[in-house]
Amino acid sequence: MIENRLKAERPRVVTEKATKGKRDDKAAKDSSSRQEKNKAPNAGRKMGRKTDSGEKASDQKKGPKKEQRAGGKGNWGNDSQKPKYDTGRNRASGGNSNLQSREGIKVDRQPVRKNTSACPVFLRCGGCQLLDMPYEKQLKIKQAKLEELLKPYCKVQPIIGMKDPLHYRNKVHAVFDHDKKGNPVSGVYEANTHRVVPVESCLIEDQKADEIIGTIRGMLKSFKIKTYDEDTGYGLLRHVLIRRGFTTGEIMVVLVTASPVFPSKNNFVRALREKHPEITTIVQNVNGRDTSMVLGDRENVLYGKGYIEDILCGFRFRISSKSFYQVNPVQTEVLYRKAMELAALKGKETVIDAYCGIGTIGIVASQEAGQVIGVELNRDAVRDAAQNAKINGIKNVQFYCNDAGAFMSRMADNGEHADVVFMDPPRSGSTEEFIQAVVKMKPEKVVYVSCGPDTLARDLAVFRKMGYEAKVAWGVDMFPGTEHCEVCVKLCRK
């Protein structure tokens, strides 16, 4: 029986060694030299997929379920239709439309992009590339790009947008630094640098989260807490991460410190709770490494239970600081309902939820499937997934901490079969080895949930080569204001 074989499966956890992020040279005199020194992607508060398991200061720092951040540099594959603007930040001369070269030849310059957005740091932050456009225009741009990328494979249905495309992010990340006078500042890394752009409030982030970050910043001087200095390695507070349950209202505050020693931490927590009694848990995460990772491995729960819960598609989910959970819960319900619609489960199927995270897709699918197997490499996420199944009284789901591709290959070698495979990889997409493992399971249908349409198109070509055809694609705008969106594709075996 498949249950016995899977129970006997010994979890294999692969620990990924974090790559060291490079800090840009503050003395660099031009943008090209800065970009050359900063190979790591930009780290900001507005992130997409899937950064939570390691929370790199690059998809957010996640690199990418969810970390490239949703506000970072987009990669649509073909940039021919992208508006090409220059912010003018690195101009040595004024705003003339032409420059005289040393040879006396006129060189045309692109016009400097003006900030027509309601966000005062729109150009410096770089997180919301489309925030200065009407929302309907944003959707048209995303729809056109999806059709351009996926036209060789399947029909693209009209993108599903939001009724209210502002303040949708239930997870907010702030970098802490100090100005020349030593005053604490918090905000985001300017694109392709480690210079912090101060941000008081953000149009796409949860407003209560921004308010709490401002309170923490205002408390630092009175508690004599120094912000971390990347140049000298001195200071305590590096980042603050806020997660809020959209339905439950529960709030988690994660204080990322460079050292486990937190002077007056009990008084600090007490003062913060007095100002924000709505906070339900506070966690200290210790990250003493000189890397681009936001979160470290060690954690201390300073107040509350150390996690929050939220309700999605009628199910209750436990969310810890490192677990991946979609940042836009309103659109996540739209996305998951569309995925279930494409899967068209009849109640007897064996379903595999690859890249399962905390088990959201698998648990939602469990009410319509015979049995569900979730596989995830992040130990914290698997622990939450198992707890989530228990909380919801789900009996037909099992979760395993393992590499999903290797796990499916062993199942296939043992003669096991899956009827439907859900896959929700990070922005970098899947791999040919993983797709081969999916094909070995011989599922009738594959439902591919993607946050990177360009890598999705690449993977659809591999699936086609291996005998699976994409039938239809639905775009879901999970990240209004940015150039990113989520896509759900149904593939069938030929």
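A residue counts as buried when its relative accessible area is under 20%.

**Figure 1. Overview of the predicted model.** The protein contains 12 helices and 19 strands. Of its 494 residues, 56% are classed as buried. The accessible surface of the protein amounts to about 21700 Å², and carbon and sulfur atoms contribute 49% of this area.

**Figure 2. Close-up of strand β15, residues 397–401.** This strand is mostly covered, with 5 of its 5 residues buried. In a regular strand, side chains alternate between the two faces of the sheet. In β15, V397, F399 and C401 point one way, whereas Q398 and Y400 point the other way. The residues on both sides of β15 are all buried.

**Figure 3. Close-up of the pairing between strands β14 and β15.** Strand β14 comprises residues 371–376 and runs parallel to β15, to which 5 bridges join it. One of the residue pairs to locate in this view is V375 with its bridge partner in β15, Y400. Between the two strands, the chain passes through helix α9, residues 379–391, and the resulting β-α-β crossover is right-handed.

**Figure 4. Close-up of helices α4 and α12.** The packing of two helices is described by the angle and the distance between their axes. Helix α4 spans residues 135–150 and helix α12 spans residues 453–465. Their axes come within 9 Å and cross at roughly 20°. Angles under 35 degrees count as roughly parallel, and α4 and α12 are therefore roughly parallel to each other. The crossing of these two helices, α4 and α12, is right-handed.

Definitions and conventions. Residues numbered from 1 in each chain as written. Predicted model: local features only at pLDDT ≥ 70, side-chain atom pairs only at ≥ 80, totals over all residues. Heavy atoms only, no water. Buried < 20%, exposed > 50% of the residue type's maximum accessible area, 1.4 Å probe, protein only. Helix = DSSP H or I, 4+ residues; strand = E, 2+ residues; numbered from the N terminus. Pairing = 2+ DSSP bridges. Right-handed = clockwise from strand over helix to strand, strands pointing away. Areas by Shrake-Rupley, 256 points an atom, 1.4 Å probe, with all protein chains shown as cover. Axes fitted to C-alpha atoms, helices over the stretch in contact; angles between N-to-C directions. Parallel < 35°, antiparallel > 145°, perpendicular 65-115°, else oblique. Left-handed = near helix turned anticlockwise from the far one by under 90°.
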